[in-house]
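Hi,

Here is the structure I promised to send over. Have a look at it first, and then read on for what I found.

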Amino acid sequence: MLIGALEAGGSKMVCSIGDSQGNVLQRASFPTQSPGETVAQIVDFIGRFGVKALGIGSFGPLDLRPSSPTYGCIMRSPKSEWSGFPLLRELRTALNVPCAIDTDVNAAALAESVLGAGKGLNSLVYVTVGTGIGGGIILGGKLVHGMVHPELGHMLMRPARNDSMPDGVCPFHRGCLEGLASGPAIEKRWGLSSRLMMPDHPAWELEAEYLAQMCVNIILTVSPEIIVLGGGVMQQAHLFPRIRQRVVNLLGGYVASERVSPERISGYIVPPALGVNAGVAGALLLGAQALGQDDF
Ligand code: ZN
């Protein structure tokens, strides 16, 4: 049985055809233009394969309250023509199959939980650190939505003493995680792209400090069984041991679990097992879930 997956991004739309195990058989991508043009391209591609359902992992913010009249709409977006666009409804109507939508990071969290690093566990937090910082939470095997959806990337940080830019770059908050530790924040602070920085650049010590604070906040509030850190900035593999060590220090032995002990923490804060395929696998899983849940 074929399932469609859409990874909806602000710059491109990636359409895939696959199965409920997250395997991809066909893929096509289109630049994100006006909603009308873009949806027509998506429907034209996915419509050829006779899919039984569609899962969408989308840029946000999204309205994910099932009872809301604007459920599945993109809320405010820097791309103004997409603000308020009913992405879920338009695709559901055009393709005439059950559809499900969630944020791109929630889709990746779901995939890592079911098929990746969190396989066999009931709880997981997935955080992507790149141009922005976002996170998805799985508890009891289910994605947490709550009031809207979690916005882990904007948690407030304790500024590091040696940070020359302690207020960060987020236009909404002073000293939030994304404003201090996203790719653009690193670039602004040091005047150099993070891709060009050697592992001994002082930027990484500061980055590890903020990401360790984030992990500690997650551990103390959500208590997940595993934390997965992905995204472009986390391609710097040397960050992992630094973050783990600092997390152990910051926790001060307070949390009573072997998982966060110095001996075991290398299996607790980990890179994505699915690598860059987490997003598409998650969208396929959302599609498979829609088959049983979307009253079509
Ligand atoms: Zn912020």
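Let me start with one side chain: R189 is buried, with a relative accessible area of 12%. Please keep in mind that this is a predicted model.

What does R189 pair with? Its partner in a salt bridge is D163, and the closest N and O atoms of the two are 2.7 Å apart. D163 sits in the loop between β8 (142–143) and α4 (177–181), whereas R189 belongs to helix α5 (residues 183–190), so this pair ties together parts that are 26 residues apart in sequence. D163 is buried as well, at 7% relative accessible area.

R189 has company in its helix: G183, A185, I186 and R189 are the buried residues named for α5. They span an arc of only 165° around the axis, which means that they are on the same side of α5. Among the elements that cover these buried residues are α4 and α6 (202–221). Just after the helix, G191 adopts a positive phi of about 65°.

Now the other salt bridges. The search of the whole structure finds six of them, and two more are worth showing you. R65 and D63 meet through their side chains at 3.0 Å, N to O. D63 is buried, with 2% relative accessible area, while R65 is partly exposed at 41%. R48 and D44 form another salt bridge, with 3.2 Å between the closest N and O atoms. Here R48 counts as exposed, at 56% relative accessibility, and D44 is partly exposed, at 46%.

R65 also turns up in the domain picture. The domain assignment divides the chain into domain 1 (3–104 + 276–293) and domain 2 (117–271). Taken over C-alpha atoms, the centres of domain 1 and domain 2 are 27 Å apart. How many residues are in contact between them? Seven residues of domain 1 are in contact with five residues of domain 2. The two domains bury about 490 Å² between them, and carbon and sulfur atoms give 61% of that area. On the domain 1 side, L64, R65 and D102 supply 51% of the area buried against domain 2, more than any other three residues.

As for polar links, zero salt bridges are found across the interface of domain 1 and domain 2. The interface does have one residue pair in polar contact, with both residues at pLDDT 80 or more.

Happy to talk it through whenever suits you.

Best wishes

Key:
Residues numbered from 1 in each chain as written. Predicted model: local features only at pLDDT ≥ 70, side-chain atom pairs only at ≥ 80, totals over all residues. Heavy atoms only, no water. Salt bridge = Lys/Arg side-chain N within 4 Å of Asp/Glu carboxyl O. Buried < 20%, exposed > 50% of the residue type's maximum accessible area, 1.4 Å probe, protein only. Helix = DSSP H or I, 4+ residues; strand = E, 2+ residues; numbered from the N terminus. Arc of directions from axis to C-beta. Contact = heavy atoms within 4.5 Å. Domains from an automatic or database assignment. Buried area = accessible area lost by both parts, 1.4 Å probe. Polar contact = N/O pair within 3.5 Å; in protein donor to acceptor, adjacent residues only side chain to side chain.
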